[in-house]
Amino acid sequence: MKDHTALAMSAGIADRLAHPDAAPAAVSTEATRQHLATGPIGIALLHIERAAAGLGPWQRAQDWLAAAAGRPFTSGADSHPFYGAPALAHVLACAAEGLPGSYTRDLDRLDRQILADVAHRLDAAHRRIDARQLPALAEFDAIRGLSGFGGYLLRRDPAGQALRSVLDYCVRLTEPITHEEGLPGWWTLAGPSGRPDDRFLGGHGNTGLAHGVSSILALLALCARRGTLVSGHHQALRTILAWLDTWETTTPQGRTWPYWVTRDELRTNRLAPASPRRPSWCYGIAGVARAQQLAALALGDTARRTVAENALLDALSDPAQLSATTDPGLCHGFAGLAHLTTRTAADAAPETANRLRAVVPNVLANLMPLDSKPEDAGAALVDGPAGAGLLDGAAGIGLGLLTACGTALPHTRWDSFLLVA
């Protein structure tokens with residue numbers, strides 16, 4: 001897919017979502033209103049980034065924000081980075097980045113609530129560790145947990161005490177709380193869904209960027225690169241990297257990491273055979289490799305940086321892994337894969353960066369039907385089975401296309417909620 005085709009397809013999505021009144025009904029229901037992943041604030045993010053890039057009017061973003069924010073947003077224990085007040089705050093922060101001085105009072109009010117919520121979560125997490133209990137995924141992951149909150153605090157107040165407190169917690173999470181079978185501090189007794197699962201008796205260690213320890217790795221690395229460090233920071237990075245090294249597999253197609261490690265695999269120190277899996281943001285090589293690249297940059301580890309960048313490049317050249325990728329979206333589809341490849345290339349060694357950029361058009365080609373105009377293909381995605389939303393649907397695809405088409409990296413750091421920048 002050529003740059004102008006990607007831009008045209010993104011424009012087709014944006015035009016089909018020009019105004020809430022003309023959008024698919026499922027987007028603006030009360031059930032989706034506060035969801036970053038599926039609701040109107042996620043669609044506003046597409047229009048915010050396009051307006052900041054000079055590709056669309058600000059009015060579209062403002063209309064979508066107005067459609068979402070006419071009633072109060074949830075805060076407290078029922079909210080998280082993808083739902084309620086924290087999700088709205090992320091989107092408004094992106095708008096304020098594109099329109100300096102806008103939404104100042106709204107963001108100040110939301111920030112006060114988020115700081116209080118983070119303090120409560122940290123208190124509960126430390127009490128849990130003091131009691132020598134293992135965590136739930138929702139305590140620390142990027143979607144619902146403290147690493148996701150940390151990503152927001154990094155953009156709003158990178159030198160603030162609240163972020164440092166989150167980082168202190170992240171360091172503590174890397175320390176084992178039980179010596180039973182060498183369980184790491186992030187081991188959870190539930191399954192990947194966060195609920196008890198008979199397939200995961202004894203729990204699992206999750207490696208993913210969305211729900212696993214790569215979210216902690218990415219946050220620690222991003223903060224270190226911005227100069228925000230706490231005691232034990234670098235050692236925590238190395239602890240997570242060493243654990244990932246333990247479970248790394250080298251095949252003729254390149255290096256891979258499992259989505260998770262089960263209790264039986266931990267006991268035997270051997271992974272069960274598995275079919276090739278998609279190399280996506282949420283789980284898989286794209287997310288894990290990006291987190292490792294960021295950590296390598298933070299630590300000045302050139303060798304590890306090379307390993308991470310080549311792992312992604314190998315995945316993009318592996319037909320089996322690409323065949324396992326079956327949908328177009330940002331979370332676990334081709335748009336997310338193209339976006340992360342572009343982000344990784346921007347920080348890669350020059351030769352590897354050129355090779356990564358060279359494969360992006362092949363990734364994007366999976367998004368474009370051969371017999372359609374790009375504008376029409378974009379509009380059709382909005383009404384397709386994945387819907388209009390940000391994480392799996394058309395709005396996220398439109399954002400991924402903007403990054404991957406080669407015009408520029410995001411103007412508003414909209415992707416900071418993914419913990420990739």
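## Helix 5 and its surroundings

In this predicted model, the buried residues of helix 5 pack against four helices: helix 4 (85–98), helix 6 (137–140), helix 7 (146–156) and helix 8 (161–173). The residues of helix 5 that are buried are L107, L110, D111, I114, D117, V118, R121, L122, A125, R128 and I129. Charged side chains are therefore included in this buried set, among them D111, D117, R121 and R128, since a residue counts as buried when its relative accessible area is under 20%.

Helix 5 itself covers residues 104–130, which amounts to 27 residues. From its first C-alpha to its last, helix 5 reaches 38 Å, a span close to the 39 Å expected at 1.5 Å a residue.

## Two positive phi angles outside glycine

Just after helix 5, the backbone of R132 adopts a positive phi of about 60 degrees, although R132 is not a glycine. R132 belongs to the loop between helix 5 and helix 6. The side of the exposure scale on which R132 falls is clear: with a relative accessibility of 56%, R132 counts as exposed, because the cut-off for that class is over 50%.

N269 is likewise not a glycine, and its phi is positive at about 55 degrees. N269 is found in the loop between helix 11 and helix 12. The relative accessible area of N269 is 54%, so N269 is exposed.

## Aromatic pairs

Across the whole structure, a search finds eight aromatic pairs. One of them joins W186 and W243 in an edge-to-face arrangement, with 5.4 Å from centre to centre and 90 degrees between the planes. This pair links distant parts of the chain: W186 is in the loop between helix 8 and strand 1 (204–206), W243 is in helix 10 (residues 233–246), and the two are 57 residues apart. Both partners are buried, W186 with a relative accessible area of 1% and W243 with a relative accessibility of 10%.

A second pair is formed by Y259 and Y283, whose ring centres are 5.2 Å apart. The planes of Y259 and Y283 meet at 25 degrees, so the pair is stacked. Here too, distant parts of the chain are linked, over 24 residues: Y259 is in the loop between strand 3 (254–256) and strand 4 (260–262), and Y283 is in the loop between helix 11 (263–268) and helix 12 (285–299). Y259 counts as buried at 9% relative accessibility, and Y283 is buried with a relative accessible area of 9%.

## The cluster around Y259

Y259 and Y283 also belong to a cluster, in which ring pairs link F200, Y259, W260 and Y283. A charged residue adds to the surroundings of Y259: R277 lies over the face of the Y259 ring, at 4.6 Å from the ring centre.

## The largest pocket

The largest pocket has a volume of about 550 Å³. The lining of this pocket consists of 26 residues, and those closest to the centre are T256, P258, A274, S275 and R277. R277 is thus both a residue of this central group and the residue placed over the face of Y259. Strand 2 (249–251) and strand 4 are the elements that give two or more residues to the lining of the largest pocket.

## The cavity

The structure holds one cavity of 30 Å³ or more. The volume of the largest cavity is about 110 Å³. Thirteen residues line the largest cavity, and P81, H90, G148, Y152 and F417 are the closest to its centre.

Helix 4 and helix 7 are the elements that give two or more residues to this lining. Helix 7 gives the most, with four residues. Helix 4 and helix 7 are also among the helices against which the buried residues of helix 5 pack.

## R60 in helix 3

R60 lies in helix 3 (residues 58–68). When its neighbours within four places in sequence are left aside, R60 is in contact with A14, D15, A18 and H47. V288 provides a reference point elsewhere in the chain: R60 and V288 are 228 residues apart in sequence, and their C-alpha atoms are 35 Å apart in space.

Methods
Residues numbered from 1 in each chain as written. Predicted model: local features only at pLDDT ≥ 70, side-chain atom pairs only at ≥ 80, totals over all residues. Heavy atoms only, no water. Expected span 1.5 Å × (residues − 1). Buried < 20%, exposed > 50% of the residue type's maximum accessible area, 1.4 Å probe, protein only. Contact = heavy atoms within 4.5 Å. Phe/Tyr/Trp six-rings, centres within 6.5 Å; stacked < 30°, edge-to-face > 60°. Lys NZ or Arg CZ within 6 Å of the ring centre and 35° of its normal. 1 Å grid on protein atoms, 1.4 Å probe; cavity = no way out; pocket = protein on both sides within 12 Å on 5 of 7 lines; lining within 4 Å. Points joined across faces, edges and corners; volume = space filled by probe spheres on them.
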